[in-house]
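Colleague: Could you take me through one spot in this model in some detail, and then work outwards from there?

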Amino acid sequence: MTLGRLESIWRYPVKGLPGQQLDGVTVAPGRPLPHDRRFAVAQGDADFGGMRPGWIRRSNFLQVANNAPLVKLHPEHRPDEAHLAFDGEGVHFDGDLRQQPAADRLVDALSAVVGEDALRGMPRLVEIPADLPPGADGQSFADTAPPHVSIINLASVRDLGTRMGADLDARRFRGNLIIEAEPWAEFDWIGKTIAVGDVRLEIVSRIERCAATTVNPQTGERDQQVPLALRKNYGHADCGVYAIVRCDGMVRAGAEISEYRE
């Protein structure tokens, strides 16, 4: 049974910065999309707890919920090379994030964008260790601990926008897999496994939305109270679902989505 279609694929190599659209990506069991939220700028008071840090909350990093100006940057990501470049908001950056001088310059640039008042101590660039085993409860720069991909349904976003009298850009929700299905059908998939092309995804939970969705991804202005509108119109603040990858494979934009059955 066809459930919908995968419209686009996004990953966010540096947490808080605008993402990178992909035509296709190879996924692995128990992993996020390759390079998704691989790097982040940690606040100076963030405590990772040693060489093998565990998951910590997004408030420990520069991120859109608290640092809206980040969305106005237009980065060029080449994560296979750990390369990042952008111009905007009065700053310029171009460098290899694995090199300490470039990492320091990136921290300086993003600190200037968000402003000194947004900083808590001396920020630093951090990276997810490359050798974490699949499903490891290790360091993650995503908003929740289990390694996941996030799914946003365009029809659900449109339904919410209609009720709000607003044209909502789905980029507010910073999803990995942007799909087209019946409005809010994704909530019915929780506890089930879907197939996206040849790849299986277990749908595990709804995504409760935060202040990041109030930020217009084009202007950086907080112009729509999305979590409040969700509660007012639906009695909850959820939009989108989290999924766990259950098999190796290639995910491509345009793939058909169907319910997986053994």
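What is the relative accessible area of His77, and does that make it buried or exposed?

Modeller: It's buried: His77 has a relative accessible area of 8%, where buried is under 20%, exposed over 50% and partly exposed in between (1.4 Å probe, protein chains only). Bear in mind that this is a predicted model, with local features needing pLDDT of at least 70, side-chain atom pairs 80 or more, and totals for chains, interfaces and linings using all residues. Numbering starts from 1 along each chain as its sequence is written, and side-chain values use heavy atoms, without hydrogens or water.

His77 sits in strand S5, residues 76-78 (strands are DSSP E runs of at least two residues, helices H or I runs of at least four, numbered from the N terminus). Its side chain reaches the backbone oxygen of Pro18 at 3.0 Å. Leaving aside neighbours within four places in sequence, His77 is in contact (heavy atoms within 4.5 Å) with Pro13, Val14, Pro18, Gly19, Gln20, His83 and Leu84.

Pro13 is a handy stepping stone, as it's on the list for His77 and also on the one for Arg38. With neighbours within four places again set aside, the contacts of Arg38 include Tyr12, Pro13, Pro79, Ala82 and Arg98, along with Val126, Glu127, Ile128 and Phe141. Arg38 lies in the loop between strand S3 (24-27) and strand S4 (39-42), and at 15% relative accessibility it counts as buried too. Its side chain makes polar contacts (N or O pairs within 3.5 Å, one able to donate a hydrogen and the other to accept it; sequence neighbours count only side chain to side chain) with the side chain of Glu127 at 2.9 Å and with that of His35 at 3.2 Å.

Now for the nonpolar cores, meaning buried Ala, Val, Leu, Ile, Met, Phe, Trp, Tyr and Cys joined through side-chain atoms within 4.5 Å. The largest has 41 residues, and Ile151, Trp189, Ile194, Leu201 and Val251 have the most contacts inside it. Lying apart from that is another core of 22 residues, with Leu17, Leu62, Leu106 and Leu125 among them. Back in the largest core, Leu201 is in contact with Ile151 and Ile194, and also with Val149, Leu177 and Val245, among others beyond four places in sequence.

Helix H2, residues 154-164, turns Ala155, Ser156, Val157, Leu160 and Gly161 into the interior: these are its buried residues. Their cover includes strands S9 (149-153), S10 (177-181) and S13 (238-245), plus helix H3 (226-234). At the N-terminal end of H2, Asn153 acts as the cap, with a side-chain oxygen 3.0 Å from the backbone nitrogen of Ala155. After the helix comes Gly165, with a positive phi near 70°.

Finally, look at strand S15 (residues 256-259), which runs antiparallel to strand S1 (residues 2-11) and is joined to it by three bridges; DSSP has to find at least two for strands to pair. Here Arg5 stands opposite Glu256. Strand S11 (residues 193-196) is also antiparallel to S15, again with three bridges. One of the residues involved is Ile194, whose bridge partner in S15 is Glu259. That brings us back to the largest core, where Ile194 is one of the residues with the most contacts.
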